Amino acid sequence: MNVVALPAALKPAPKPSFEGDFALPGEFSLEAGGVLRSAKLRYAIYGKIGPSRDNVVLACHALSGSAQVAEWWPAIFFAEGLVDQEKDAILGINILGSCYGSTGPTSIDPDTDQPYGANFPLVCVRDVVRAQALLLDSLGISRLRLAIGASIGGMQVLQWAIQFPTRVSHAVVIAACPLGAMGLALNHLQRQAIMLDPDWNDGDYSAEQSPGRGLALARALGVISYKSGELFEERHRRKPDRGGEDPWKDEGLPGGRFDISGYLDHQGEKFNSRFDANSYLVITRMMDLFDPTRAYASPAEAWGRIQAKLTMVGISSDWLFPAREVQSLAAEIKAAGVRCEYRELISNHGHDSFLAEPQHLLDILTS
């Protein structure tokens, strides 16, 4: 494989040229029947939107991402042949339900003057995309040169191509398709871990006493689904915890740790400092409910709406969104007459490969 050499290692990603909030209409109706009042989207722009407004790249984030694309995907700025940092404007939009600036469970409910908490309404990917389209309207952007995203970000991109077919020139969907039973099961267990925490309090918790243990466990379960057994074996095997906890020590249950245990505990603890438990529930439910054909008479009708050039990428070691399922979906879409191409990223980094090995991803997207 010819690997794209990323200057990202030598040159820092740019800072946003603008970051701010967009106010949604007074009442924003949701697909599941709820309503958000006085809601907002946090967004960031890198570069300059041209006079003709046709140089915009929408980068859709995954579960714990934000509008600040350079923080979680700096490689996208150096994707020569896909993105031109000198000419393109990259737009990041924090999704509804998140805790990074857009309206979510930590926001104040105007009806109660209290944080929404567990009362935050059910939001679907279709709602997220429709809200994003309103933001683009306000910026005078009628058509995206490129929309690209992975995981729930890829779900957004595919929904964009169906829901607003004339507004996307090229859609790149990475490691995303409707979740199968294994993905649904894993998300269910993660939510249960949070809600079984003694500090959950039916979702009405404070920043000082939040369900941190449950959220940490949920994140650890999530990390398992983002990696692969091959990678874990290569990195951890049956090594004792690098922090010095001997797995054979006898200090009562649970006793010491193996290295993989220490790694997962660390990932959970680190996540606690930057994410909200209610937002985690909202976004994993959003992932569960993603069904891009639901609003149409048949899948063929939904796929037939797509006018964009569509590139779908599967990851060989991904067991959250298995490559065979992404490839099968790409074949189904192509059979509906869509310009759809499937490519596969060969990596042992699992679902996270698009972040862990960006140079490989960019190579298959630009070759």
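**Close-up views of a predicted model**

**View 1. V326 in helix α10 and its surroundings.** V326 is buried, with a relative accessible area of 0%, in a model that is predicted rather than determined by experiment. The residue is part of helix α10, which spans residues 323-335. Leaving aside residues up to four places away in sequence, V326 touches A176, C177, M312, V313, G314, F321 and Y342. One of these partners, C177, is 149 residues from V326 in sequence, yet the two C-alpha atoms are 6.0 Å apart in space.

**View 2. The whole chain, as a frame for the close-ups.** The protein chain has 12 helices and 12 strands, and its C-alpha atoms fill a box of roughly 65 × 55 × 45 Å along the principal axes. A compact globule of 367 residues would have a radius of gyration near 21 Å, and the value of 21 Å for the protein chain agrees with this. Buried residues make up 55% of the 367 residues, while the accessible surface comes to about 16,200 Å², of which 51% belongs to carbon and sulfur atoms. Among contacts with a separation of 6 or more, 72% are between residues 24 or more positions apart.

**View 3. The open sheet and the helix that packs on it.** The sheet is an open one of 8 strands, with mixed pairing, in the order β1-β4-β6-β5-β9-β10-β11-β12. Its edges are formed by β1 (18-23) and β12 (340-345), each of which has a single partner strand, so one side of each is left without a neighbour in the sheet. From one strand to the next, the twist averages 20 degrees. Helix α12 (residues 358-366) packs on the sheet, where it touches β9, β10 (170-174), β11 (309-315) and β12, and its direction makes about 150 degrees with that of β12.

**View 4. Strand β6 and its neighbours β4 and β5.** Strands of a sheet pair through backbone hydrogen bonds, either parallel or antiparallel. Around β6 there are examples of each sense: β4 and β6 pair in the antiparallel sense over 4 bridges, whereas β5 and β6 run parallel and are joined by 4 bridges. On the β4 side, Y43 stands opposite I93 in β6, and on the β5 side V56 stands opposite A89 in β6. Strand β6 (residues 89-93) is largely enclosed by the rest of the structure, because 5 of its 5 residues are buried. Both of its faces are covered, with A89, L91 and I93 buried on one side and I90 and G92 buried on the other.

**View 5. The pairing of β5 with β9, and S151 in the loop that follows β9.** Strand β9 (residues 146-150) pairs with β5 in the parallel sense over 4 bridges, and within this pairing L58 has A147 of β9 as its bridge partner. S151 is placed in the loop between β9 and α3 (152-163). Although S151 is not a glycine, it has a positive phi of about 60 degrees, and at 7% relative accessibility it counts as buried.

**View 6. N55 in the loop between β4 and β5.** N55 belongs to the loop that links β4 (40-46) and β5 (56-60), and with a relative accessibility of 9% it counts as buried. The side chain of N55 reaches the backbone nitrogen of G50 at 3.0 Å. Once residues up to four places away in sequence are set aside, the contacts of N55 are K48, I49, G50, K87, D88 and A89; A89 is also the residue of β6 that V56 stands opposite.

**View 7. H61 in the loop between β5 and α1.** H61 lies in the loop between β5 and α1 (69-72), and its relative accessible area of 1% makes it buried. A polar contact of 3.2 Å joins the side chain of H61 to that of N94. Residues up to four places away in sequence not being counted, H61 touches S66, W72, I93, N94, I95, I152, G153 and Q156. One of these residues, I93, stands opposite Y43.

**View 8. D113 in the loop between β7 and β8.** D113 is located in the loop between β7 (108-109) and β8 (114-115). Its phi is positive, at about 60 degrees, although D113 is not a glycine. D113 counts as exposed, at 57% relative accessibility, whereas S151, which likewise has a positive phi of about 60 degrees, counts as buried at 7%.

How values were computed: Residues are numbered from 1 along each chain as its sequence is written. This is a predicted model: local features need pLDDT of at least 70, side-chain atom pairs count only at pLDDT 80 or more; totals for chains, interfaces and linings use all residues. Side-chain values use heavy atoms; hydrogens and water are left out. Helices (H or I, at least four residues) and strands (E, at least two) are DSSP runs, numbered from the N terminus. Buried means under 20% relative accessible area, exposed over 50%, partly exposed in between (1.4 Å probe, protein chains only). A polar contact is a pair of N or O atoms within 3.5 Å; within protein, one must be able to donate a hydrogen and the other to accept it, and residues adjacent in sequence count only if both atoms are side-chain atoms. Contact means heavy atoms within 4.5 Å. Two strands pair if DSSP finds at least two bridges between them. Axes are lines fitted to C-alpha atoms, for helices over the stretch in contact, and angles run from 0 to 180 degrees between N-to-C directions. The radius of gyration is taken over C-alpha atoms; the globule rule is 2.2 Å times the number of residues to the power 0.38. Accessible areas come from the Shrake-Rupley method with a 1.4 Å probe; for residues, only the protein chains shown count as cover.
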